Each structure stands twice: as structure tokens, then as C-alpha cells.
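Open the structure in your viewer and keep the sequence panel beside it. The tour goes from one selection to the next.

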Amino acid sequence: MDWGMKNRMAQIIKPDTGRALMLAIDHGYFLGPTSGLEAPGKTISPLIPYCDSLMLTRGILRTSIDASIPTPIVLRVSGGTSILGDLSNEGITTTIKEAVRMNVAAVALSIFVGSEHEKETLLGLSDLINEGQEYGIPVLAVTAVGKEMGRDARYLGLASRIAAELGASIVKTYYCKDFNKVVNNCPVPIVIAGGKKLPEKEALEMAYAAVSDGAVGVDMGRNIFQSEAPVAMINAVRSVIHENAKPDKAYKLFLDLKKKNKSKKVKKK
Ligand code: R5P
């Protein structure tokens, strides 16, 4: 690996623990004003100190994130579709030059294995990797799931392995039963998405199960920013990812921090 590529990967996967806590706030690129991200800068700024990297689009990065933050950026560079249309028909929206200009640690795009547009998205991934290689920028491939796609170890294992075979440096996929099979068949680091909002304890259990099965971490969005106490939740997730805290312990931390933050707010008034 070239120095630049190694350096960027080390910004995302922390060398001291070998783990990654990525905060995903890129939902608007196909969902529009997602609940919790109506004013992304406001929601996200208290969370930034606790994530290792931030995944988002260039529009939200430019408009809503302070350029002086040291947090590494994983730039979503695919899109062109919305929930009103065929999500699998994505293309590349942002050039690699733009990614360099924004000093990103990695670029991300979705692949839709098994969909009508499987080939285009896989060739899109390959093109992005070819360009990323020229500049030492790692590519994170997101194995998208849709109506016509599965969510089991067989499907996610297939999609993750194909992403790695094409040269992705990191794969983002979903947690599933027999997740260890997905990890064992994928030669590059895997992070999981959180998916739809779950009760906090369940989200922490999922994060714990994923890292226990070999994921390097999470690229989690809604389960953090839609939590009733987002700062408490990101800290609890952090304890699972970087300290191997068991779900019960992490949940206790969540409850303690939630209580503390509440009493701070009351005192401020
Ligand atoms: C998916 O393709 C996007 O990257 C999502 O924004 C990401 O997966 C969301 O994370 P979560 O499912 O944890 O809200």
C-alpha cells in the first residue's frame, strides 16, 4: 500500500485498537430531509468529537460542517436516485478531484449486486477504485440492500466478496445471522451499517455481535442521531467498538450519560 493510502486507512481504522467508529449522515442523498438530519450541522456537531470519521456528501460537508475539524471525512460519491425511483440505478456524482480538494480520507459508493443495474454499479466501483489508486484514496463499497436483494449471509457474503475482489479497501454491509461467514470470506475490513432505528440496547447488542464476529466497527447513522440521547449513544457505541464493552455495560453507560446530560440541561436553565 502506498503511504497516502496507508495514512488514510489509519485515519479511519484506528491503529491502537484496529477498530473504526464511523458516523454516517449521508442519508439525504436519496432520502432527502431524513428525520434527525433536518439541520445536519446542528445535530451532528455535538457528536463529532466522539466519532473516528464522518461519512457524508459534499453538499452537507460544504454547507454544514466546520472546515477546521480534524475528523477524517469519508465522502459519499454515488447517487442520482431517490426513494421515489429505482435506487439501484446509481452513478458517480462527485469526481475524485473534488474528493482531493476536500481532503477526504476515503470515498464511498453503493453496489447493488443482483439488481437490474448490478453491472453498472460494479463497473462504477471499479472505475472509482482505479481513480482512487492514482491519488492514494481508499474506496469504501456499501453493499446496498433493496426489495429484490437478500439480507442473509449468503447474499451479503457474495456482495462483500465481490467488492473486495474489485479492489475496495473497506466494505460496509449489514449484520446478519452467521455474520462470521461474511467476514471470513472477505479479505478486507468490514464495517456494519446500523439500519433502521432500534431500541438503544438492541443496537448496542448488534454492534457487539458484529465486532465479535470480526467486523472492524460500525458506520452507524440512525441508531445514533435518532436516539433520544445521541451523545450518550455514540459514547456507548464507542465503548463497544474501542473497549470491547459488553452490551449490558455499554447500555448502562448510555443510561448514565443520558441522565447526566439531562441534569446538565436542567441546571443550565
Ligand atoms: C446507505 O447506503 C447509506 O450509507 C446510509 O446512509 C447508511 O447505511 C446509514 O447508516 P444507518 O443504516 O446506520 O442509518
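Start by selecting K201 and D248: their side chains meet in a salt bridge, with N and O 3.3 Å apart. This pair links distant parts of the chain, since K201 sits in helix α9 and D248 in helix α12 (residues 247–268), 47 residues apart. Keep in mind that the model is a predicted one.

Now show the surface around the two residues. K201 has 30% relative accessibility and so counts as partly exposed. D248, with a relative accessible area of 54%, is exposed, because the cut-off for exposed is over 50%.

Next, select helix α9 as a whole, residues 200–212. How far apart are its end C-alpha atoms? They are 18 Å apart, which agrees with the 18 Å that 13 residues should span at 1.5 Å a residue.

Stay on α9 and colour its buried residues: E200, A203, L204, M206, A207, A210 and V211. On which side of α9 do they lie? They cover an arc of only 160 degrees around the axis, so they are on the same side of the helix.

Move just past the end of α9 and select G214. This residue takes a positive phi of about 115 degrees.

Go back to E200 and add K197 to the selection. The two form a salt bridge, and their closest N and O atoms are 3.5 Å apart. Is each partner buried or exposed? K197 is partly exposed, at a relative accessible area of 31%. E200 has a relative accessible area of 7% and is therefore buried, as buried means under 20%.

Side chains of opposite charge can pair when their charged atoms come close. How many salt bridges does a search of the whole structure find? The search finds 12.

For the next stop, select R58 and E98. They form another of these salt bridges, with the closest N and O atoms 2.9 Å apart. R58 belongs to helix α4 (residues 58–64) and E98 to helix α5 (residues 96–101), so the pair ties together parts that are 40 residues apart in sequence. R58 counts as partly exposed, at 30% relative accessibility. E98, at 6%, counts as buried.

Finally, add R62 and R101 to the selection. Salt bridges with shared partners join R58, R62, E98 and R101 into one network.

How values were computed: Residues are numbered from 1 along each chain as its sequence is written. This is a predicted model: local features need pLDDT of at least 70, side-chain atom pairs count only at pLDDT 80 or more; totals for chains, interfaces and linings use all residues. Side-chain values use heavy atoms; hydrogens and water are left out. Helices (H or I, at least four residues) and strands (E, at least two) are DSSP runs, numbered from the N terminus. The expected span of a helix is 1.5 Å times one less than its number of residues. Buried means under 20% relative accessible area, exposed over 50%, partly exposed in between (1.4 Å probe, protein chains only). The arc is that of the directions from the helix axis to the C-beta atoms. A salt bridge is a side-chain nitrogen of Lys or Arg within 4 Å of a carboxyl oxygen of Asp or Glu.
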